[in-house]
Amino acid sequence: MGQKLYENGTILTMEKQMYAEAVLVRDNKIAAVGRKEAVEAFASPDAERINLEGRTMMPAFLDAHSHFMACANGELQISLDGAGSFKEIADRIKNYVSSRQIEKETWLVGKGYDHNFLEERSHPDRHLLDEAAPDNPLVIQHQSGHMGVFNTEALRQLGIPMDGTGDLLEIPGGKIAVQDQIPTGYMEENAFLTFQKKIPLPSPKEFMEAVKKAQERYASHGITLVQEGLMVDEMLPLYQGIISAGILKLDIVGYLDMKGTGKFLDAMKQHREGFFRHFKIGGYKIFLDGSPQGRTAWMRTPYTQGEEGAGYRGYPVHTEEEILAFVRRAMEEHMQILAHCNGDAACEQYIRAFEKAVSMDGSVLPADIRPVMIHAQLLGIDQIPSVKAMGMIPSFFAAHVYHWGDIHTANFGMERASHISPAASAQKEGVVYTFHQDSPVIEPDMLETVWCAVNRCTKDGKVLGSKERISVEEALKAVTLHTAYQYFEERERGSIAPGKGADFVILSENPLEKEKMKIREIRVLSTIKDGEVIYRRDPVCF
């Protein structure tokens with residue numbers, strides 16, 4: 001393989017020596033970093049010289065948590081993002097059906113509605129969806145991914161009785177809404193996920209094209225490593241298909257549904273020890289609660305009063321015994337475990353399970369599996385020392401401050417809302433943390449996340465928790481170095497250092513020098529994976 005010498009730009013290494021003048025790549029690995037003259041001494045005379053022309057190069061961004069398959073499926077779904085009313089939801093569905101000449105009986109999936117931003121301030125029901133798509137089974141998914149609505153035909157095809165005489169399924173950790181004993185179509189948490197998994201999958205050809213588009217979307221934001229945040233058994237043939245087809249350009253780390261049958265581990269053993277054809281199995285995933293903006297996150301103290309009544313605190317997904325069993329199993333198998341915890345009661349349950357497991361088994365602390373607390377939105381400041389003691393890594397959904405900060409203020413009051421995604425408090429305690437976008441919940445835009453963590457502004461322009469602001473440098477570490485550590489990949493990626501992979505992102509400006517409130521205006525010009533360009537903003541960009 002040839003050599004490439006990057007020079008004449010701002011190079012951020014994310015190492016202690018933050019700036020470098022040149023980087024030499026040999027055989028898809030970083031061979032030398034530092035002053036231009038010193039790096040050139042390692043280069044062969046025929047090395048390809050890449051002039052950065054004053055732009056900024058830094059290590060590629062790493063996705064700490066998202067759902068790659070859902071992003072791919074999103075390319076085949078009806079977008080309801082930003083819909084402002086029931087009427088707009090119905091109109092978008094009707095337009096999708098008519099413009100694409102969708103045949104009768106074909107399953108339809110819509111994504112991205114948010115009741116918090118609808119005129120009606122509530123979830124739609126099956127009757128609205130029946131009117132929008134009278135000839136098709138249809139489900140629409142809330143932007144959080146934790147709830148959604150099925151139309152009447154979809155409910156029938158999923159085997160849910162509609163005559164008021166059948167016994168509705170009782171699903172622990174979930175809810176099927178009913179009126180006069182008949183389902184309204186709305187479901188949340190475990191109930192919604194249970195029936196969502198039964199929806200027919202797209203054709204292999206459609207799916208392959210959607211995967212390519214999803215990869216391009218991540219790469220356009222400078223990301224070279226992506227997470228598959230929940231791998232249910234039904235996804236096995238899809239992943240076998242895309243891996244065998246050789247279409248993966250990005251590295252994907254998958255986390256198995258801990259309630260699954262073990263099909264993935266049995267069928268994909270070669271992916272357990274490391275990346276093979278750009279995919280590896282990283283560990284297990286469990287859910288402990290729901291969504292704060294959907295008021296299903298499990299809290300230690302009640303939400304502000306809503307339709308649920310006084311004293312409502314959300315609810316857990318699993319019992320204490322179930323969580324303890326999951327944790328002990330992960331420790332015994334030396335498998336990393338990711339737990340979805342939004343509310344502080346869910347965070348407490350996760351911490352408590354590890355404390356009990358260590359006490360019962362006389363084990364060492366679980367740092368060797370680096371347990372991850374996904375979202376940790378309302379992690380209590382008083383809980384952070386315990387997070388550190390257990391070697392946990394909170395992965396904060398920092399962009400919640402902007403996208404739902406005003407909703408959180410209404411749901412929790414200013415004091416609690418001011419401490420969502422408490423990155424500064426975690427940093428003071430010496431806790432390693434990461435940031436993510438939980439795509440497809442929002443766009444996998446790392447620079448927007450950095451902007452959110454640094455400024456902590458809501459959509460209404462309020463500053464939410466100024467004490468939890470962090471520096472630009474620390475925010476960049478959270479999406480590079482720290483995320484590499486979360487994945488046990490700190491020797492392979494996350495910074496520009498000799499021996500690491502040649503994964504870079506080239507930006508229009510230097511985030512460390514850009515005015516903080518304008519950081520999200522910075523553009524990704526090029527994304528480089530294993531020394532090769534996999535995304536260009538326009539044909540002349542590097």
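Here are some friendly notes on the structure above, which is a predicted model.

1. **A salt bridge across a long stretch of sequence.** A good place to begin is K280, which forms a salt bridge with E489; their closest N and O atoms are 3.2 Å apart. K280 sits in strand β15 (residues 279-287), while E489 belongs to the loop between α19 (481-486) and β20 (504-507), so this pair ties together parts that lie 209 residues apart in sequence. Try finding both residues in the 3D view.

2. **Buried or exposed: what about K280 and E489?** K280 has a relative accessible area of 11%, so it is buried, because buried means under 20%. E489 is buried as well, with a relative accessibility of 8%.

3. **A bridge between two helices.** R352 and E320 also meet through their side chains in a salt bridge, with 2.9 Å from N to O. Here R352 comes from helix α11 (residues 344-361) and E320 from helix α10 (residues 320-333), so the pair links parts that are 32 residues apart in sequence. R352 is partly exposed at 25% relative accessibility, and E320 is partly exposed at 28%.

4. **A further pair, then a network.** K518 and E515 are joined by a salt bridge too, at 3.9 Å from N to O. K518 is partly exposed, with a relative accessible area of 36%, and E515 is partly exposed, with 49%. Elsewhere, salt bridges with shared partners connect D251, K280, E489, R493, D503, K529 and D530 into one network. You will recognise K280 and E489 in that list from the opening point. How many salt bridges does the model have? The count comes to 32.

5. **An open sheet.** Now turn to the strands. Six of them form an open sheet in the order β7-β8-β9-β10-β12-β11, and the pairing is mixed. Which strands are at the edges? They are β7 (78-79) and β11 (174-179), each of which pairs on one side only. Strand β7 runs parallel to β8 (residues 108-113), and two bridges join them. To see this pairing for yourself, look for I78, which stands opposite G110 in β8.

6. **Helix α14, largely enclosed.** Six of the eight residues of helix α14 (residues 405-412) are buried, so the rest of the structure largely encloses this helix. The buried ones are G405, D406, I407, H408, N411 and F412. What do they pack against? Their neighbours are α13 (400-403) and α15 (414-417). Just past the end of α14, G413 adopts a positive phi of about 90°.

7. **Helix α17, buried along its length.** In helix α17 (residues 446-455), 10 of the 10 residues are buried, so this helix too is largely enclosed by the rest of the structure. Its buried residues include M446, W451 and N455, and E448 is also among them.

8. **The two ends of α17.** At the start of this helix, a side-chain oxygen of D445 comes within 3.2 Å of the backbone nitrogen of L447. At the other end, R456 follows just after α17 and takes a positive phi of about 55°. As you trace the chain through this region, look for D445 before the helix and R456 after it.

Notes
Residues numbered from 1 in each chain as written. Predicted model: local features only at pLDDT ≥ 70, side-chain atom pairs only at ≥ 80, totals over all residues. Heavy atoms only, no water. Salt bridge = Lys/Arg side-chain N within 4 Å of Asp/Glu carboxyl O. Helix = DSSP H or I, 4+ residues; strand = E, 2+ residues; numbered from the N terminus. Buried < 20%, exposed > 50% of the residue type's maximum accessible area, 1.4 Å probe, protein only. Pairing = 2+ DSSP bridges. Contact = heavy atoms within 4.5 Å. Polar contact = N/O pair within 3.5 Å; in protein donor to acceptor, adjacent residues only side chain to side chain.
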